[in-house]
Amino acid sequence: MDRPVLDHRSAEFAELGHHCINGLKTVFRTESPVLIFPSSATGAWEAALVNTLNSGDHILGFETGHFAGLWSKMAGALGLHVEICGGDWRHGVDAAQVEDRLAHDREHDIKAVMVVHNETSTGVTTDIPAVRRAIDQAKHPALLMVDVVSSLASIDYRHDEWRVDVAIAGSQKGLMLPPGLSFNAISDRALDAHKQSTLPKSYWRWSEMLENNARGFFPYTPATNLLYSLREALGMLQAEGLETVFARHARLAEATRCAVRKWGLEMVALNPAEYSNVVTALFLPEGFQEQALRALILDRFNMSLGAGLGKLAGRAFRIGHMGDFNELMLAGTLAGVELGLELAGIPHGKGVGAALEYLAHAAKGK
Ligand code: PLP
């Protein structure tokens, strides 16, 4: 990243632009356009909504966690009518509920369904193909919008095969970059919706972005240094192979859960089929505060753990195991948590040993 900034109207820049856009398509597993915005992922949430919908449109959101809630709140602020399907923050989106709700919408009043693939606040992953099947079973034309902010390039995601209409991502998670880039992967149906959509948009307007992207350029000054780093990250993912990257995350996540079971702590996620491979959220026993444990571990061992977000604040903390992460980094992470539990006087078993045992077993099986 630490290189001189190119003239973003030069032929050399166009090569970088084409390279990044085409490389991202392989990560999203799509033949359709992928757009890059200089913004955090929240910007790409807004881009997804304002580019496809009209003021007052009825859309479905799900109470699956903090980020799903923020996205729904944004949709409301943009003048959309958001119907929230209730949830307990411990499960993903219930495909049966989606099918039932859409089947009852005979007038096709609902224009979009907004799902977070991996809820970073709870460590729960929703089965997107099941949601797709539910929409198909209900024979409903609603657009399927999926937040893949913390799943992309870490957990299997197939934009075209799963017929997702708009996917939203950011640079700072599985792509291993600093924050500052966001992405929309779009479908032909989303592009058609874009042509009709009347919600106000300017900075986020897809059509201008697409026109410029066709020549490798952007309508305004791009985050050039982040594009250098994106080119590098795409090369790293290609060299390792996406399947190997997904398997590495699955292995490290399972090792984390081995430790959690031995510690005797309760995971936020309740359904093993929905356990996240990039983040594990854990409750502390009654009488202990996550802020105090995290502060102690940061102070004593210089390791930063994820806070309990939204209604999990105070009660749960999160162990991140995503992106550029390996066995020894995980071993250090889990050791830091275990030392923290010990120093904070939180009753626990010996989790690190269980995680190492699992990792050794996995390594022998290779
Ligand atoms: N969606 C999910 C699932 C996230 O985890 C985050 C941030 O962590 C966001 C959206 C918002 O992204 P940003 O903070 O980059 O705007």
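Select Thr256 to begin: in this predicted model, its side chain reaches the backbone oxygen of Leu252 at 2.7 Å. Thr256 sits in helix α9, which covers residues 242–263. With a relative accessibility of 0%, Thr256 counts as buried. Now show what surrounds Thr256 beyond its neighbours within four places in sequence: the contacts are Thr280, Ile319, His321, Leu330 and Leu334.

**The two cores**

Keep Leu252 and Leu334 on screen and add Met303 and Phe317. These four are among the 27 residues of one nonpolar core, which lies apart from the largest one.

For the largest core, select Phe28, Ile36, Leu49, Phe183 and Leu230. Of its 87 residues, these five touch the most other members. Next, colour helix α1, residues 11–28: α1 gives the most to this core, with eight residues.

Zoom in on Phe28. Which residues is Phe28 in contact with, once neighbours within four places in sequence are left aside? The list is Val34, Val148, Leu152, Tyr157, Arg158, His159, Ala167, Ala169, Phe183 and Ala185. Phe183 thus appears both as a contact of Phe28 and beside Phe28 among the five residues that touch the most other core members.

Stay on helix α1 and pick Gly17, which is part of that helix. Gly17 has 1% relative accessibility, so it counts as buried. Draw a distance from the C-alpha of Gly17 to that of Leu227: the two atoms are separated by 7.7 Å, although the residues are 210 apart along the chain.

**A cavity**

Leu227 leads to the next stop, where it helps to line the largest cavity. Select the other lining residues too: Ile36, Phe37, Pro38, Leu181, Phe218, Tyr220, Pro222 and Ala223. How much space lies in the largest cavity? About 40 Å³. The count of cavities of 30 Å³ or more comes to one. Ile36, in this lining, was also in your selection of core residues with the most contacts to other members.

**Helix α4 and the loop after it**

Move to helix α4, residues 95–103, and show Ala95, Val98 and Leu102, its buried residues. They cover an arc of only 55° around the axis, so they lie on the same side of α4. A general point helps here: an α-helix has 3.6 residues a turn, so residues three or four places apart point the same way. To see what the buried residues of α4 pack against, colour β2 (58–62), β4 (110–116) and α5 (128–137). At the start of the helix, select Asp94: one of its side-chain oxygens comes within 3.0 Å of the backbone nitrogen of Ala96.

Follow the chain into the loop between α4 and β4, where you will find Glu107. Is Glu107 buried or exposed? At 72% relative accessibility, Glu107 counts as exposed. Its C-alpha is 9.7 Å from that of His140, a residue 33 places away in sequence.

His108 is in this loop as well, between α4 and β4. Check its backbone: His108 is not a glycine, yet its phi is positive, at about 55°. His108 has a relative accessible area of 29%, so it is partly exposed.

For another positive phi, go to Ala153, where the value is near 65° in a residue other than glycine. Ala153 lies in the loop between β7 (143–147) and β8 (166–170). Ala153 is buried, with a relative accessible area of 3%.

**Two last helices**

Select Ala190 in helix α6, residues 188–196. Ala190 is buried, at 0% relative accessibility. Leaving aside neighbours within four places in sequence, Ala190 is in contact with Thr52, Leu143, Asp165, Val166 and Trp206. Now draw a line from its C-alpha to that of Leu341: it spans 48 Å, between residues 151 apart along the chain.

Finish at Phe301 in helix α10, residues 290–301. Phe301 counts as partly exposed, at 31% relative accessibility. Beyond neighbours within four places in sequence, its contacts are Leu296, Gly336, Leu339, Gly340 and Leu343. For Leu339, the C-alpha distance to Phe301 is 9.0 Å, with the two positions 38 residues apart in sequence numbering.

Definitions and conventions
Residues numbered from 1 in each chain as written. Predicted model: local features only at pLDDT ≥ 70, side-chain atom pairs only at ≥ 80, totals over all residues. Heavy atoms only, no water. Buried < 20%, exposed > 50% of the residue type's maximum accessible area, 1.4 Å probe, protein only. Helix = DSSP H or I, 4+ residues; strand = E, 2+ residues; numbered from the N terminus. Arc of directions from axis to C-beta. Contact = heavy atoms within 4.5 Å. Polar contact = N/O pair within 3.5 Å; in protein donor to acceptor, adjacent residues only side chain to side chain. Core = buried A, V, L, I, M, F, W, Y, C linked by side-chain atoms within 4.5 Å. 1 Å grid on protein atoms, 1.4 Å probe; cavity = no way out; pocket = protein on both sides within 12 Å on 5 of 7 lines; lining within 4 Å. Points joined across faces, edges and corners; volume = space filled by probe spheres on them.
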